[in-house]
Amino acid sequence: MTAMTDLREVTVGTGAGLDTADMVLNIGPQHPSTHGVLRLKLVLDGERVVSCEPIVGYMHRGAEKLFEVRDYRQIIVLANRHDWLSAFANELGVVLAVERLMGLEVPERAIWLRTALAELNRVLNHLMFLGSYPLEIGAITPVFYAFRERETLQAVMEEVSGGRMHYMFNRIGGLKEEVPAGWTRRAREAIGQVRRRLPDLDNLIRRNEIFLARTVGVGVLPAADAAAYGASGPVARASGLDFDLRRDEPYLAYGELDVPVVTRTAGDCHARFEVLLDQVFVSLDLAEQCLLRVDAVTGPVNVRLPKVVKAPEGHTYAWTENPLGVNGYYLVSRGEKTPWRMKLRTASYANVQALSTLIPGCLVPDLIAILGSMFFVVGDIDK
């Protein structure tokens, strides 16, 4: 039996002036705001967060190693899925890297179609977060508006590719097949519908008093910290980092388009939400411009390849402006039908590291607001 003198009473987190002890709390790995199995190890003093350690790896599927035993057509299936909200953009990065190494010239019609589909995929990604983020901090209505617009565009993407989330429409040398007759007109009509109805979502949430109270001045990420962590995409642009590969290092048809880059300087949760919302309007305009060009360009949408595709020996790096930020694809080939190494640099992996700086000092309810505003997909971290 323990002697009475060995016992001591500890009061945990009840306020100032008392002998308090820090509490270690786990958020996740199953939590609605973690968008997958991410674990946050928090040290709390009362209800204030003292430190935050993001712990990843619960979902790791080893996609990069699986690339090494799949041929160049098969790796598109794997790459398609690490950010399940940006499937078309994920496929695109892989095929661009392989095409660059092989020196393939992609037909002009395929380039414009790819650009249009990439922008539609960007809108679908952003609408998911525009609906789910308010939901995580207590606003249920916006998700219904966001999903109404998503379904309108999902129908267009499903018609062209056959898939709702995992499109599998990119191929090395172009696209899987020609789009259905009249598809570009129907896609433009869908874009017009979404553009007309999007102000419903905008007016509902952007200036909502409760939403402003929960997000303005919360989770501020300074531009210097965003750059130091390698953050990119809407998260970095909300902190004032004016960087977008579509404008700064164009690929596909972006060099022929005027790409407005949406930025803010506040770097808080509300700024990140606003960048995402305003980017949807920009992407709808870009997609419509691309579809008009598709109608004006004739010709094939892919190039004929041998039955077994082999990339020549060498290495290359392709990077794209994915919906969540910069994705990099480093491909090393030894002249075989499978990559010797395919390294993914994903946006979510870099962005989520900043949580260790953003969260300390905040209160537990604000933690959820900050976590949701970082717009990450855990499959993109544990790729």
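This passage looks at two buried helical residues and at the cysteines of a predicted model.

A good place to begin is H270, which sits in helix α11, a helix covering residues 269–296. H270 has a relative accessible area of 4% and is therefore counted as buried. Its surroundings can be listed by name: apart from residues up to four places away in sequence, H270 touches R206, R207, F211, L212, T215 and V216. With one of these residues there is also a polar link, as the side chain of H270 reaches the backbone oxygen of R206 at 2.9 Å.

The second residue, T152, belongs to helix α5, which runs over residues 141–161. T152 is buried too, because its relative accessibility is 16% and the cut-off for buried is under 20%. Once neighbours within four places in sequence are set aside, the contacts of T152 are A190, Q193, V194 and R197. Among them, R197 takes part in a polar contact with T152 that joins side chain to side chain, at 2.7 Å.

Attention now turns to the cysteines. A disulfide is a covalent bond that links the sulfur atoms of two cysteines. In this model the count of disulfides is 0. C52 shows how such a bond can be ruled out: the closest cysteine sulfur to that of C52 belongs to C362 and lies 8.2 Å away, so the distance is too far for a bond. For comparison, a disulfide requires the two sulfur atoms to be within 2.5 Å. C52 is itself buried, with a relative accessible area of 8%. Another cysteine, C290, is buried as well, at 0% relative accessibility.

Note on methods
Residues numbered from 1 in each chain as written. Predicted model: local features only at pLDDT ≥ 70, side-chain atom pairs only at ≥ 80, totals over all residues. Heavy atoms only, no water. Helix = DSSP H or I, 4+ residues; strand = E, 2+ residues; numbered from the N terminus. Buried < 20%, exposed > 50% of the residue type's maximum accessible area, 1.4 Å probe, protein only. Polar contact = N/O pair within 3.5 Å; in protein donor to acceptor, adjacent residues only side chain to side chain. Contact = heavy atoms within 4.5 Å.
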